[in-house]
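Open the model in a viewer and keep the sequence panel beside it. The stops below say what to select next and what is there.

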Amino acid sequence: MKRYLCSIIIGMVVILSIGTYYVKVASSASSLPKYTFKTLEGSDKELDPVIINATLQNGSTFYEPLTIESNTTTYASEMSYLENLTGRQDHLIERLVKEHRSFMRGKDSISSLYEDDDFLAYAWVNSDITNNGKMEAKFDIGLLEKKDEEETSFQIELPNQGRIMNIDVRDVQLVHSKLQVLTMNDVNSNNEKQTKEVHLYTIDVANKKILSDKTLVSETFTDPNQVDFQMPIDVAPSKPNNMVFISLIKGVNHEEGPYEEKLKESKLLSYNYETEKLETVKKGSLSLDMARSGYADGKNLYVVEMKSGKYRIKTFDLSSQTLTNDTELDIAANKEEQYTAAFKNGRVYFLLNGMNQDGLLTYKPAKLLIADIKTGKTLYKGETVINKKNSKGFELYIDDLEIK
């Protein structure tokens, strides 16, 4: 009896402790300022799919993550224990976890996922550095047939792993029933030389083997020279696409002075998964800078430009690499302000986040414009407002913009 009584007392203490914790958390969160968007033009229904992740700071002593979703502020301290344990998750990951919980267990990298109407695929590299300084790495491969929820998963050793120092999965596609995994690799070189490569691994999921390891690009350099590979921001991660763009950027670190890019030696490359062709994009309407700072969705590349005091969105067809649309947005341009853009369902979501190019607050409200990407017609325009209660000393830093 004493044993059961002890268990009951411990259980009550735990319940009371948890209850007290959540009461304190709720009380603390309720005292924090709330941020919303004040509608200046258009319909506030356009805000429904908008998610803004941010942090609230008060000097160096207070730091609280928050999310503005559907125009409602939620602080991290208001979320459940499990939500805080997993941290912020991309809305796409959240959807896939809800729909395919078993398959998605342990999978949280957007760039490692592929999804179409019939399949959900995953490719990730698990790696470890051994005592002798060499890498041991394996592919984690998964394929889910949605119709019958049939799941295939296995590990397979990475080819030539002894020469690889670091590997980063950047894109996964399913082409002719074979998994295509695009990676960027740092490779061991002799002496003081460094090598960076772009690889394409073709994996036969049915037979659980790697069919090929193709080196698409390889660049070797010696300090102070530098090489970097960059890709446009993927606004439709995990969706099928036939083509990717890779910016090969060369530069030099001067002993005195800043890093200098060698634009004449840099180039823009395109790779087509269907034709298996790697080509250098000819200098024309689509430039190197446009591609590396642009936003791609598998079919189009969207580029933000400033012209005559306005922001413009240029749309390029990826397959033909031609300009198909040039739209002016009804929002004033400022070279000193940071912006974030997202593209979905024929709309551009354009956010001026209230910070300058150095990441310092301008103490201006963040401004959000939602427009039709073809016509430029404004569907919504608004700016952040804060309730006056307890707002003194708080600063809002916007981290990123997501669209459901």
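## The whole chain

Start with the whole chain, which has five helices and 27 strands. Helices (H or I, at least four residues) and strands (E, at least two) are DSSP runs, numbered from the N terminus. This is a predicted model, in which local features need pLDDT of at least 70 and side-chain atom pairs count only at pLDDT 80 or more, while totals for chains, interfaces and linings use all residues. Residues are numbered from 1 along each chain as its sequence is written, and side-chain values use heavy atoms, with hydrogens and water left out.

Colour the chain by accessibility. Of its 404 residues, 42% count as buried; buried means under 20% relative accessible area, exposed over 50% and partly exposed in between (1.4 Å probe, protein chains only). About 22400 Å² of the chain is exposed, and carbon and sulfur atoms supply 49% of that area. Accessible areas come from the Shrake-Rupley method with a 1.4 Å probe; for residues, only the protein chains shown count as cover. Among contacts (heavy atoms within 4.5 Å) between residues at least 6 apart in sequence, 49% join residues at least 24 apart.

## First sheet: strands 4, 3, 2 and 27

Select strands 4, 3, 2 and 27, which form an open sheet in that order with antiparallel pairing. Two strands pair if DSSP finds at least two bridges between them. Strand 4 (72-75) and strand 27 (395-403) are the edges: each has a single partner strand, so one side of each is left without a neighbour in the sheet. From one strand to the next, the twist averages 25°. Angles run from 0 to 180 degrees between N-to-C directions, and axes are lines fitted to C-alpha atoms, for helices over the stretch in contact.

Now narrow the selection to strand 2 (residues 50-58) and strand 3 (residues 62-69), which run antiparallel and are joined by eight bridges. Show Thr55 here; its bridge partner in strand 3 is Pro65.

## Second sheet and helix 3

Next select strands 5, 6, 7 and 8, another open antiparallel sheet, in the order 5-6-7-8. Strand 5 (113-115) and strand 8 (150-157) stand at its edges. On average, neighbouring strands of this sheet are turned by 10° against each other, direction ignored. Strand 7 (residues 135-145) runs antiparallel to strand 8, with eight bridges between them; Gly142 has Ser153 in strand 8 as its bridge partner.

Add helix 3 (residues 91-99), which packs on the sheet and touches strand 5 and strand 6 (119-129). The direction of helix 3 makes about 65° with that of strand 5. Which residues of helix 3 are buried? They are Leu92, Ile93, Leu96 and Val97. Seen down the axis of helix 3, these buried residues fall within an arc of 135°, so they line one face of the helix. The arc is that of the directions from the helix axis to the C-beta atoms. Show helix 4 (101-104) as well: the buried residues of helix 3 pack against helix 4, strand 5 and strand 6.

## Strand 9 and the loop after it

Move to Gln173, in strand 9 (residues 164-175). Gln173 counts as buried, at 2% relative accessibility. Its side chain reaches the backbone nitrogen of Asn241 at 3.0 Å. Beyond its neighbours within four places in sequence, Gln173 has contacts that include Tyr114, Leu179, Pro240 and Tyr273.

Then select His176, in the loop between strand 9 and strand 10 (178-187). His176 counts as exposed, at 61% relative accessibility, and has a positive phi of about 50° although it is not a glycine.

## A cis peptide bond

Go on to Pro224, in the loop between strand 12 (209-222) and strand 13 (225-230). The peptide bond from Asp223 to Pro224 is cis, with omega near 15°. Most residues other than glycine have a negative phi, and most peptide bonds are trans.

## The hairpin of strands 23 and 24

Last, select strand 23 (residues 337-344) and strand 24, an antiparallel pair with seven bridges. Lys344 stands opposite Arg347 in strand 24. Two residues lie between the strands of this hairpin, where Asn345 takes a positive phi near 55°. Asn345 counts as exposed, at 60% relative accessibility.

Is Asn353 buried or exposed? Asn353, in strand 24 (residues 347-356), is buried, with a relative accessible area of 5%. A polar contact of 3.2 Å joins its side chain to that of Gln338. A polar contact is a pair of N or O atoms within 3.5 Å; within protein, one must be able to donate a hydrogen and the other to accept it, and residues adjacent in sequence count only if both atoms are side-chain atoms. The side chain of Asn353 also reaches the backbone nitrogen of Met355 at 3.0 Å.
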